[in-house]
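Student: I would like to take a close look at the aromatic rings of this protein. Could you please guide me through them?

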Amino acid sequence: MVEFAFTAVPPAVPVLAVALLLPLLSRRVGHALGALTAAAVMAWSYLVPAGAHLSDVAFLGFDAVLFNVDPFSRLMGTIFGLIGAAAVVYSYYSGAENIQTAYALTYVGSSLGAVFAGDWLTLIFFWELMAVTSTLLVWHHGGEAVRAGFRYALLHGIGGSLLMAAIVWHYVEVGTFLFASVPGGPATAGITAGLPAAMAALGIGINVGFIGLHAWLPDTYPRPHVAASVFLCVYTTKTGVYGMYRAFPEGHVWIAYMGGAMAVFGALFALFQNDMRRLLSYHIQSQVGYMVAGVGIGGALAQAGAFAHVFNHILYKGLLFMTAGVVVYRTGRENLMKLGGLSRQMPITATAFTVAALSIAGFPGFNGFVSKGIVISASHYDFHGVVHFGGHTGLGWLLLIGGVGTFMSFIKFGYYAFFHGEYDGDVADANAGQSVAMVAVAALCVVFGLVPGALFGLLPFDVTDGAVVSHVYHTYTVSHIAEGVALAAAGLVGFFATKKPLSKLGRVPDVDAVYAPLSFYGTRGLVRGVTETYAAVDRAAVAVATAAMATARDPRRLTGRLPADTTEIGLDAEEGHVPMDTTVGTSVLILTLVAALALVVLFA
């Protein structure tokens, strides 16, 4: 009976139901119900028995599994529910309207539907719904968020279309949408190799922020309400990592190297930013790079590290957007250069930021140190077929360089926002509800950092079991600690060495500086070209038809000299028949009609 209660309905359903109900309730009751539902989903995901539930159903006429539970989906559902509950509490105390939180919960529910799907058809349905609901969440804020939301929707529409094409091709090849891990699924896991796999990689690559496909992320996430950004920083990119694993369960070398490049590129561009949420958005790309690298490496150790980093990143990135949101909420300012010295007036927010910054940078004692260490170890032990130098693979060096860039970026953030200078005015710290949400998440960042076994128990593979992983992972070894401290020292030196030139740096253009105007003016030119060409053809056709009819009535318009031929045809008019004047135009008209009739008869 208890098992039936857990497996009868997918976790997405109650979240979506509360989202629909929330606009009809008061703010307090609606947000309380939303937070409790998200918390229940966390417990539900952790306790539900493994297996393919709700499998005897058809979706759009095809076999489907609406509720599939394995170690990967369990971890995703648990952390999605946990951060969802904290984000709803934060939303309430940050002044979010009911309708905004309703959009946010539809976004959460869509993401849950995707990660608990047992087939590609169900996954792509919720994947696209996730794009729609997140766009509505962005648009709700109005202003600059509208245009950014449009660009966001356009890119995710392209990504979803590519993934859908890959899934349809995969179905043609294997004859089912089911995952290989569920009963009735194909013998081979993942998307069919070749062009379907390439399309899937690009489609999912938009969601995870592949270099060149990433600009929607820093363009969109700084625009909406501060509470909306907390939701946005969690679900799209991490669902993308989950989808990447489903498509490439054995990994792929190019995906691994793309992940390493993302780690460096995102950290570098984050260092160039002065807008707080834009900086954090680039670091989503950088940190997701570690996850993508883990998926690309393949193997139990790397995949465990990738999903450990998914779990940890959701905690510290959500916390970072909460702290930035409190600063914006209290000061109305987004630019780091217009802040300063806030730690004295906002000690709770500054402390929460420090915990989150040390976590994302991978400093020993915090959760990011644990999961980054697993991925970097996997790049050393499991990534074969590459040249090793200095004790690491080329991919390993990319991940380490990304780590230095992360330290530099968050030293910059903390230096200008909280610890350097003095803020020009009085400002209050986070209110009680914001503080509760931030402190709770910060505590988890510390707990999972100091007690890594608590995290290991949630992972799809036991990284401490030599029978499961190629190399047993020990978190707090001398070499790992020394590596973490060395990265911090390099980041500290690097920031102060580059602080002066960085302070004079203007906005550094990204790829959207090229493709955004190109797509806008190119599309406008195409539309205008088509409409103007249509109008010109229409005018020409009307002119030709008018001239032809005028010539048919009076051929002298054409000849200018020939006299009209007025030979009568038929009987005399006195016998009841009206004579027809046979001009050149009449003859041409009759011949044209006869020829047209002959063609109709011939081809009929």
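Student: Which residues form one aromatic cluster?

Tutor: In this predicted model, the cluster consists of F353, F410, F413, F418 and F419. Beyond this cluster, let us turn to the aromatic pairs. A search of the whole structure finds 31 aromatic pairs. One of them joins F72 and F307: the ring centres lie 4.9 Å apart and the planes stand at 75 degrees, so this pair is edge-to-face, given that an angle over 60 degrees counts as such. The two residues come from distant parts of the chain, since F72 belongs to helix α4 (residues 71-93) and F307 to helix α13 (residues 300-331), with their positions 235 residues apart. F72 has a relative accessibility of 5% and therefore counts as buried, the cut-off being under 20%. F307 is buried as well, with a relative accessible area of 1%.

A further pair is made by Y416 and F495. Their ring centres are 6.4 Å apart and their planes are at 80 degrees, so this pair is also edge-to-face. Because Y416 sits in helix α16 (residues 394-419) and F495 in helix α19 (residues 478-503), the pair ties together parts 79 residues apart in sequence. Both Y416 and F495 are buried.

In general, a pair of aromatic rings is described by the distance of the centres and the angle of the planes. That is how F72 and F307 were described above, with 4.9 Å and 75 degrees, and likewise Y416 and F495, with 6.4 Å and 80 degrees.

Conventions
Residues are numbered from 1 along each chain as its sequence is written. This is a predicted model: local features need pLDDT of at least 70, side-chain atom pairs count only at pLDDT 80 or more; totals for chains, interfaces and linings use all residues. Side-chain values use heavy atoms; hydrogens and water are left out. Rings of Phe, Tyr and Trp (its six-membered ring) pair if their centres lie within 6.5 Å; planes under 30 degrees apart count as stacked, over 60 as edge-to-face and the rest as tilted. Helices (H or I, at least four residues) and strands (E, at least two) are DSSP runs, numbered from the N terminus. Buried means under 20% relative accessible area, exposed over 50%, partly exposed in between (1.4 Å probe, protein chains only).
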